[in-house]
Amino acid sequence: MFKLLLANKIRLKKSKLFWSGVFITVGYCLLLLMLNYIEMISHVGNSIMLVDWYLLAPFSVLSFFCPIFCSMFIGTEYSDGTIRNRLVVGHTRKNIYLSNFITVSFACIIITLIASLVVILFYAILFGWNISNSMKFILYYFSGLLMLIAMSALFSLIAMLISNKSSSVLVCIMICLSSFVLENIVKTWIFNGYDGGILPKAKIFHSQFLLEFLYDVIPMGQCFQITGEMVFHPFRLPLYSLLFIIITLVCGIYFFEKKDLK
């Protein structure tokens with residue numbers, strides 16, 4: 001396992017996609033900071049966003065970066081024949097699967113931490129320091145990191161089971177976009193209680209409990225809540241993410257053990 005992780009670490013350092021993710025995420029956070037600063041100096045009396053909001057902002061970018069990175073990073077191993085070579089030299093399928101999952105999870109977390117450090121530095125320079133509730137923020141931030149790991153687990157499963165790189169990228173992006181649309185609809189039903197109109201609520205979704213469960217358990221729904229700082233059940237999100245990670249890893253390892261690698 002250690003050798004696999006070391007090899008993936010070297011690949012990660014050389015990955016243009018990874019560094020693009022770093023620059024895009026950091027750039028997005030800096031853009032938000034500069035827009036708020038320009039607004040502050042242009043119109044006296046305008047409110048300054050708390051640092052909490054900026055520190056949670058990277059999760060929205062990474063929720064879309066994660067499926068692309070997972071499918072590309074793992075898909076390259078299939079296209080280059082790396083996975084077959086690793087099996088030939090004696091690595092187990094379980095270790096190969098876990099090493100890839102750990103690597104993509106690590107990549108997402110590292111990008112988040114880098115963006116957070118940049119936000120802290122520039123926010124302190126531009127606005128000083130202003131945080132609403134430290135304990136609540138820590139819980140949200142921790143939930144966000146677990147959410148990224150849950151996303152990594154899901155898209156690693158897809159990428160490891162689909163040998164074709166292009167198909168893997170397409171499926172991961174489609175699932176990401178579908179969950180984005182689904183969670184937007186669920187969010188609309190929860191807050192507006194649609195019973196008709198453009199988005200009529202299906203009978204199965206009339207239960208508020210079921211709607212909130214879908215909004216809590218699906219990683220994209222968690223992302224909406226965390227970045228918007230409107231979390232219904234703060235202590236449930238980490239538990240749901242852990243459960244999601246465990247189930248996804250167990251299923252992924254099981255099916256990858258059965259997969260015919262031609």
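Okay, let's start with a definition: helices here are DSSP runs of H or I with at least four residues, strands are runs of E with at least two, and the numbering goes from the N terminus. With that in hand, M174 sits in helix 8.

Before I go on, a word on what you're looking at. This is a predicted model, where local features need pLDDT of at least 70 and side-chain atom pairs count only at pLDDT 80 or more, while totals for chains, interfaces and linings use all residues. Residues are numbered from 1 along each chain as its sequence is written, and side-chain values use heavy atoms, with hydrogens and water left out.

Back to M174, then. How exposed is M174? It is partly exposed, at a relative accessible area of 45%. I'll be using those words a lot: buried means under 20% relative accessible area, exposed means over 50%, and partly exposed is in between, with a 1.4 Å probe and protein chains only. M174 also belongs to a nonpolar surface patch of about 370 Å², together with F64, L170 and L177. To get into a patch, a residue needs over 30% relative accessible area and no salt bridge; nonpolar side chains (Val, Leu, Ile, Met, Phe, Trp, Tyr) are joined within 5 Å, and like charges within 9 Å. The areas come from the Shrake-Rupley method with a 1.4 Å probe, and for residues only the protein chains shown count as cover. Helix 8, residues 165-192, gives the most to this patch, with three residues.

Next, salt bridges. By that I mean a side-chain nitrogen of Lys or Arg within 4 Å of a carboxyl oxygen of Asp or Glu. How many does the structure hold? Two. In one of them, the side chains of E77 and R11 meet at 3.0 Å, N to O. E77 is in helix 4 (residues 58-80) and R11 is in helix 1 (residues 2-14), so this pair ties together parts that are 66 residues apart in sequence. E77 is buried, with a relative accessible area of 1%, whereas R11 is partly exposed at 24%. E77 also meets R86 in a salt bridge, at 3.0 Å, N to O. Both E77 and R86 are buried. Since these bridges share partners, R11, E77 and R86 are joined into one network.

Now the cysteines. A disulfide is a covalent bond between the sulfur atoms of two cysteines. The cut-off used here is a pair of cysteine sulfur atoms within 2.5 Å. How many disulfides does a search of the whole structure find? Zero. Take C70: it is in no disulfide, and the nearest cysteine sulfur, that of C66, is 3.9 Å away. C70 is buried, too, with a relative accessible area of 0%. And why is C29 not bonded to C223? Because the sulfur of C223, the closest cysteine sulfur to that of C29, is 12 Å away, too far for a bond. C29 counts as buried as well, at 1% relative accessibility.

C66 and C70 come back when we turn to S152, which is in helix 7, residues 134-161. Contact here means heavy atoms within 4.5 Å. Not counting residues up to four places away in sequence, S152 touches C66, C70, F101, V104, S105 and C108. Buried or exposed? S152 is buried, with a relative accessible area of 0%.

Let's move to helix 11, residues 236-258, where we find T248. T248 is buried, with a relative accessible area of 7%. Its side chain reaches the backbone oxygen of F244 at 2.5 Å. Leaving aside neighbours within four places in sequence, T248 is in contact with Y97, A153, L154 and L157. F255 is in helix 11 too, but F255 is partly exposed, at 45%. F255 and R84 are 171 residues apart in sequence and 16 Å apart in space, C-alpha to C-alpha.

Last stop: the loop between helix 10 (219-228) and helix 11, which is where M230 lies. Which residues does M230 contact, leaving aside its neighbours within four places in sequence? F191 and Q225. M230 and Y140 are 90 residues apart in sequence and 9.9 Å apart in space, C-alpha to C-alpha. E229 is in that loop as well. E229 has a positive phi of about 55 degrees, although it is not a glycine, and it is partly exposed, with a relative accessible area of 24%.

Terms used:
A polar contact is a pair of N or O atoms within 3.5 Å; within protein, one must be able to donate a hydrogen and the other to accept it, and residues adjacent in sequence count only if both atoms are side-chain atoms.
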